[in-house]
Amino acid sequence: MAEGAGEEKKKFSIWDLPDVPVGQLPPHLELQRSRVSCNKDAPIHTESIQYSGAYASMGIDNSSRLDRFSNNFRVEVVRLNEDDMEFDMIGIDAAIANSFRRILIAELPTMAIEKVLIANNTSIIQDEVLAHRLGLVPIRVDPRLFDYLSENDQPNEKNTVVFKLHVQCKRGSPRITVKSDALKWLPNGSELVKETRNATSDSSSKPETYTYFGCSQETIPEFVKNPIIPKYPDIIIAKLGPGQEIELEAHAVKGIGKTHAKWSPVATAWYRMLPEVVLLEDIEDDLAEELKSKCPVNVFDIEDLGKGRRRATVARPRACTLCRECIRGDDWEKRVALRRVKDHFIFTIESTGALPPEVLFTEAVKILEDKCERVITELS
Amino acid sequence: MKRPIFNSNKSPRVTFCGYSIPHPSEARVNIRVQTTGDPAREVLKDACQNLMLMCRNVRCTFDKAVEDFKASNAVKAMKIDSQDSSGDDSEESE
């Protein structure tokens, strides 16, 4: 009898049922794959499913192909000012988004003051502290017009920008504050004369200075209309009392943020994933009022259903900061689900002023391409 | 960077891939790629190529999005100007 029952049992496959959609993941797996669920204690499903054969038994191809990427990838700019921008990148993997963020912070070159030649400093700010502060002042110049200065090179007009600072507080006058607009650009190079040991009396030749400028930087077309100045003229560098003086020359060179943070072109750059707030059940009347008042950023709104009944809706999910106030307390976890969309990134870039933020992002992508090319050439 | 690792992970020819950094003070990365029959060097090169093409795509899309945003902002600024002037006209005519 058991054998008879075994022969009659046919192989049953779930895909034979008429209403199961083929070629798509069932909704609970799709949730796992594409959303981070932020629970009360910790988020789950945070890793992106990398393996290409992950859903092979369902007939879904998880491998990433370029055509699918280019079809799904979108960029939407939300805000674009002179110094900062906010934009959405949709359809990209977290690893690439993070690479862009890291390159923006650490590997985009900028110009910053590196060598400070101090002729006279009688202020109370120590030499090294003054030099450190000067290094952190952002300079409004396009770093792509300059080359790197390595140890064997001589400083010339292609890799150095020279500034001069000469401030004096006379006796009897009140204390003065030295701000960054006191830094004057010297397009012809250094003016401090090097002391040479061999006293060759060549009065006809030019005295040797600390830089070897072949031609004046003013002749370069980009600098004719835009002289090189610090981006913000009101940065306080030092304060002088009566009788104190500062006379120095500062040389700015090209560098990247990895070496020192003064060369980082962004004040900061960060991203967050798009928040998704879902009400799992209908929340009405008093509970709705309670929910609306709980959220500090006003994600929820009340809508009237008529006959005095009100219902809560999610009005501004993008503003959610994941404070988890709405799921605090008993039973709220069953009513509200906080999620993050895994491939939708809200990027914010704040530039320090050398380059506009959209140019910074394009340069960061170019740097990633260059790195890939270098790996490919090394491998061949 | 390490993105080609994840990129090659997605390829159906790869059974295993990973990276490790033996010591943070020296700039060295050990990459391991194990494939289903194809030479691993080629698979890694293809992953890098893929990443390069993806980056170019990202750049194009981004530039276009920035241009569209700037154009639409310019249009909005013009519309606000024309609305103000048309509002004045209607007041004067009445």
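Colleague: Hi! Which residues of chain B does the UniProt annotation "domain: DNA-directed RNA polymerase RBP11-like dimerisation" cover?

Modeller: Hello! According to that unreviewed UniProt entry, the annotation spans residues 10-59 of chain B. Keep in mind that we are looking at a predicted model.

Colleague: Good to know. What does the chain look like over residues 10-59 of chain B?

Modeller: That stretch is 42% helix and 26% strand. Its end C-alpha atoms lie 22 Å apart.

Colleague: Now the two chains together. How many residues of chain B are in contact with chain A?

Modeller: On the chain B side there are 32 residues in contact, and they meet 42 residues of chain A. About 3500 Å² is buried between the two chains, with carbon and sulfur atoms giving 71% of that area.

Colleague: And how many salt bridges are there between chain B and chain A?

Modeller: Three salt bridges are counted between them. One links the side chains of A:Glu369 and B:Arg59, at 3.0 Å from N to O. B:Arg59 is also the last residue of the range in the UniProt annotation, 10-59. The count of residue pairs in polar contact between the chains, both at pLDDT 80 or more, is three.

Colleague: Which helices of chain B each supply at least two residues to the side that touches chain A?

Modeller: Those are α1 (3-10) and α2 (40-93) of chain B. The largest share comes from α2(B), with 22 residues. By class, the chain B side has 16 nonpolar, seven polar and nine charged residues.

Colleague: Switching to chain A: into which domains is it divided?

Modeller: Domain 1 takes in 32-107 + 264-379, and domain 2 takes in 108-196 + 206-262. Taken over C-alpha atoms, their centres are 42 Å apart.

Colleague: So how many residues touch across that boundary, and what area is buried?

Modeller: In domain 1 of chain A, 18 residues are in contact with 18 residues of domain 2. The buried area is about 1300 Å², and carbon and sulfur atoms give 55% of it. A:Glu107, A:Ser264 and A:Ala354 supply 35% of the area that domain 1 buries against domain 2, more than any other three residues.

Colleague: What does A:Glu107 pair with in a salt bridge?

Modeller: Its side chain meets that of A:Lys258, at 3.5 Å from N to O. Four salt bridges are found across this domain interface, along with eight residue pairs in polar contact, both at pLDDT 80 or more.

Colleague: Last one: which helix gives the most to the domain 1 side?

Modeller: That would be α9(A), with five residues. The domain 1 side has eleven nonpolar, three polar and four charged residues.

Technical notes
Residues are numbered from 1 along each chain as its sequence is written. Chains are lettered from A and ligands numbered from 1 in the order in which they are written. This is a predicted model: local features need pLDDT of at least 70, side-chain atom pairs count only at pLDDT 80 or more; totals for chains, interfaces and linings use all residues. Side-chain values use heavy atoms; hydrogens and water are left out. Contact means heavy atoms within 4.5 Å. Buried area is the accessible area (1.4 Å probe) that two parts lose on being put together, summed over both. A polar contact is a pair of N or O atoms within 3.5 Å; within protein, one must be able to donate a hydrogen and the other to accept it, and residues adjacent in sequence count only if both atoms are side-chain atoms. Helices (H or I, at least four residues) and strands (E, at least two) are DSSP runs, numbered from the N terminus. Ala, Val, Leu, Ile, Met, Phe, Trp, Tyr, Cys and Pro count as nonpolar, Asp, Glu, Lys and Arg as charged, and the others, Gly among them, as polar. UniProt positions are given in the numbering used here, feature names are shortened, and annotations may be inferred rather than shown by experiment. Domain bounds come from an automatic or database domain assignment.
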